[in-house]
Amino acid sequence: MATRDLLIRPVRPADRDRVIELTKDIWAGHDYIPNVFDDWVSDAGATFQAVEVDGVVVGLQRLRPYAPGLAWYEGLRVATSHRRQGLARAMLESAIAEAREQGFGEVRLATGNPDAVRLFESSGFRRLVDARWWRGSRVEGGESARIPDEAEAARLWPRISGTPGTELYHGVVADFNGAGDLGAAELARLASIGMLRVGPGGRAVAGLRRPWGDNLAVSFIAGQGGSLRELLIALRFEADADGLDDVVVTLPRDHPAADDMHASGYDFANADDHSYIYALTL
Ligand SMILES: CC(C)(COP(=O)(O)OP(=O)(O)OC[C@H]1O[C@@H](n2cnc3c(N)ncnc32)[C@H](O)[C@@H]1OP(=O)(O)O)[C@@H](O)C(=O)NCCC(=O)NCCS
């Protein structure tokens, strides 16, 4: 095994070319790491690491604080030339130890890669969300949904937390940039930054996340029936008003709102993909 001279160390600006090279054959050249490299390498608040074997960078990972007690793990990559040698496992173990040392209570992550799923599950991570993506195109001519204030947002939670399917989020927002705890505090936080939408009568809510493309991105919905359908349609109006292409909703697999989604003009966007959120309690 080629891990004899393995060194895990911070990524440096001078690693840029090598990082771009090693990510070239990941995801058919669509890896996002080259786009975020400059931000990541200059972010002193996170731990962005490279693994070197015999003096050459052959892997990457990042651990980032994103909510009290929570660290987000992302950017795990091993060069195709060095796979199946235990490098990812060694890096992950080191990141977990680092998270413990820094006093985090939990590490969470998102992945769609079945190989990585095996690694994370064998390292003790538990699956929280089995995410499916739904897409509804923009539609003209209607009102956007209301943004509640913080106090109202917090009061909404006890009313909608028990609606069917909400339990399938397993207590987290399905935000693949960092999954926070789903609850009254998160609703209030989202409302305070204009990222929460409420349906008629407060019987449905949608939490927004930072989008990856020209869309309105929803990381969770809760509620049911007419209120939920009106909210889902209002999101499509909002996409149009904002000049966005569509609305993308992350919904756990087998969520009972599937009927409401279809009735509101949404379709499955990733029938073949698997995307999960995992967590490890430290
Ligand atoms: C996923 C990835 C990081 C694994 O790196 P690696 O160094 O080859 O992984 P390791 O050798 O440490 O293997 C660790 C475990 O992962 C699983 N695994 C890794 N590659 C696998 C494969 N090709 N087939 C099946 N299981 C695999 C196994 O459970 C393995 O444990 P085992 O060797 O005891 O069976 C690497 O394939 C990669 O960079 N993929 C592309 C980027 C990506 O998808 N990253 C994950 C994003 S979260």
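A residue counts as near the ligand if its C-beta atom, placed from the backbone, lies within 6 Å of the ligand. The structure treated in these exercises is a predicted model.

**Exercise 1. The shell around the ligand**

Determine how many residues surround the ligand, which are the closest, and which elements supply them.

Solution.
Step 1. Apply the cut-off of 6 Å. The ligand is then surrounded by 18 residues.
Step 2. Identify the closest residues of this shell: they are Arg83, Ala88, Asn113, Arg118 and Leu119.
Step 3. Assign the shell to secondary structure. At least two residues each come from strand E4 (70–78), helix H3 (87–101) and helix H4 (114–122). H4 provides the largest share, with five residues.
Step 4. Sort the shell by class. Seven residues are nonpolar, five are polar and six are charged.

**Exercise 2. The two sides of helix H5**

State which residues of helix H5 (residues 150–160) are buried, and explain why they belong to one side of the helix.

Solution.
Step 1. Recall the criterion: a residue is buried if 20 or more other C-beta atoms lie within 10 Å of its own. In H5, the buried residues are Ala153, Leu156 and Ile160.
Step 2. Consider their directions around the axis. These residues lie on the same side of H5 because they cover an arc of only 55°.
Step 3. Examine the face turned away from the buried side. The exposed residues Ala151 and Pro158 are found there.
Step 4. Find what covers the buried residues of H5. The cover includes helix H6 (184–192) and the strands E7 (196–198), E8 (204–209) and E9 (215–223).

**Exercise 3. The partners of strand E6**

For strand E6 (residues 126–137), describe the pairing with strand E12 (residues 275–281), with strand E10 (residues 246–252) and with strand E11 (residues 266–268).

Solution.
Step 1. Begin with E12. E6 and E12 are antiparallel and share five bridges; Val129 is placed opposite Ile277 of E12.
Step 2. Continue with E10. Seven bridges connect E10 to E6, again in the antiparallel sense, and Trp133 faces Thr250 in E10.
Step 3. Conclude with E11. This strand runs antiparallel to E6 and is joined to E6 by three bridges. Trp134 has Phe268 of E11 as its bridge partner.

**Exercise 4. The domains**

Give the bounds of the domains and state how far apart their C-alpha centres lie.

Solution.
Step 1. Read the bounds: domain 1 spans 6–104, and domain 2 spans 131–276.
Step 2. Compare the C-alpha centres of domain 1 and domain 2. They are 31 Å apart.

Key:
Residues are numbered from 1 along each chain as its sequence is written. This is a predicted model: local features need pLDDT of at least 70, side-chain atom pairs count only at pLDDT 80 or more; totals for chains, interfaces and linings use all residues. A residue is buried if 20 or more other C-beta atoms lie within 10 Å of its own, exposed if 12 or fewer, and partly exposed in between; C-beta atoms are placed from the backbone. Helices (H or I, at least four residues) and strands (E, at least two) are DSSP runs, numbered from the N terminus. The arc is that of the directions from the helix axis to the C-beta atoms. Two residues are in contact if their C-beta atoms, placed from the backbone, lie within 7 Å. Ala, Val, Leu, Ile, Met, Phe, Trp, Tyr, Cys and Pro count as nonpolar, Asp, Glu, Lys and Arg as charged, and the others, Gly among them, as polar. Domain bounds come from an automatic or database domain assignment. Two strands pair if DSSP finds at least two bridges between them.
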